[in-house]
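Student: I would like a close look at a single part of this protein, taken slowly and with its strands followed one by one. Please set that part within the whole chain before going into detail.

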Amino acid sequence: EPRGAGEMRGEARVHARAVPAAQRGARRRGEAAAGALYVRDEQRYQAAVTSKTLPRPLPFECDTVWVPLRLSGLAQAGLKICLGSDAACSNDSMNVQQEMRSLAGGAVFGVHTSPDARSFIATGSIEDARRVQAQRNEILKQSSPLNDPSVLLDTVWKNPGEFSRQLPVGKIEKGHLANLLVVNCDHACLWPNLDPMRGLAFADVANAIEGMCVSGKWVGERGDFRRSIIGSDLYKEHLAEANARIKNLMKRAGYATD
């Protein structure tokens, strides 16, 4: 159950960590394991759970929650989705574009464990293959609104900005924090860039970043963003600290270090 109501001026929280569906055993097609689920509109969320538009969260650890979440059900319930990534701290390469791609197509991940899929693996028959494809097509049809680039991008720059009523972010207007990303749309990683919004949602745009402004302060150098970050004294300081930490951890674990 959502808990912590009142912590964010009436906003409830469900604490969990984002993990792939396969790792948490999503049991029904079209479901994904969701984590870090923060719910601002608790009444609407509970109504969706009661009506079975969304499944009820099941606790699996003392301070976290396993949520077999039907992503399309969130949109049907009128709940906005906010995506995030811990790739920067975990170095797992799961950047925000990969998160958006998973949101757009992840509902079909459970199809490969369905009875029809297992039957197809066993028989190899064209009839079973067609049933599996029909399942995929139906799930994609139900989740088609989540394939819209503007909807996906809203999950990372509009909806999060509206989530916290105390923090003035998510808009380019006076009184709001200036969080800006400048992207070179002519960069090869976005080619052929026939639809810039789709490119921003589905391509890996890191190499195309020209500049970044965080809370009104420019980070790195415009036009030389990646090299300027890696070559900065601050990055070198952080890298030295990280290397010292991992060396110490390896030593404590009994591994030889230079």
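Tutor: What follows is an account of one open sheet and of a loop that leaves one of its strands.

The model is a predicted one, and everything said here should be read with that in mind. The protein as a whole has 258 residues, of which 30% count as buried, and its secondary structure comes to twelve helices and eight strands. Among the contacts with a separation of 6 or more, 54% are made by residues 24 or more positions apart. About 16,400 Å² of surface is accessible, and carbon and sulfur atoms account for 54% of that area.

Within this setting, the part to look at is an open sheet of three strands, arranged in the order S6-S7-S8 and paired in antiparallel fashion. S6 and strand S8 (217–219) stand at the edges, and each has a single partner strand, so one side of each is left without a neighbour in the sheet. From one strand to the next, the twist averages 20°. As background to the pairings that follow, strands of a sheet pair through backbone hydrogen bonds, and they may do so in parallel or antiparallel fashion.

Taking the pairings in turn, S6 and S7 run antiparallel and are joined by four bridges; in this pairing, Val182 has Gly211 of S7 as its bridge partner. On the other side, strand S7, made up of residues 209–214, is joined to S8 by three bridges, again with the two strands running antiparallel. Here Cys213 has Trp218 of S8 as its bridge partner, while Val214 is partnered by Lys217, also in S8. The hairpin formed by S7 and S8 has two residues between the strands, and in this hairpin Ser215 takes a positive phi near 55°.

Returning to S6, we can follow the chain out of the sheet, where the loop between strand S6 (180–183) and helix H10 (196–202) contains Asp195. Is Asp195 buried, partly exposed or exposed? Its relative accessibility is 36%, and because the buried class ends at 20% and the exposed class begins over 50%, Asp195 counts as partly exposed. The C-alpha atom of Asp195 is separated by 9.4 Å from that of Pro149, although the two residues are 46 residues apart along the chain.

Put together, the picture is of S6 and S8 as the edge strands of an open sheet, with S7 joined to S6 by four bridges and to S8 by three.

Note on methods:
Residues numbered from 1 in each chain as written. Predicted model: local features only at pLDDT ≥ 70, side-chain atom pairs only at ≥ 80, totals over all residues. Heavy atoms only, no water. Buried < 20%, exposed > 50% of the residue type's maximum accessible area, 1.4 Å probe, protein only. Pairing = 2+ DSSP bridges. Axes fitted to C-alpha atoms, helices over the stretch in contact; angles between N-to-C directions. Contact = heavy atoms within 4.5 Å. Areas by Shrake-Rupley, 256 points an atom, 1.4 Å probe, with all protein chains shown as cover.
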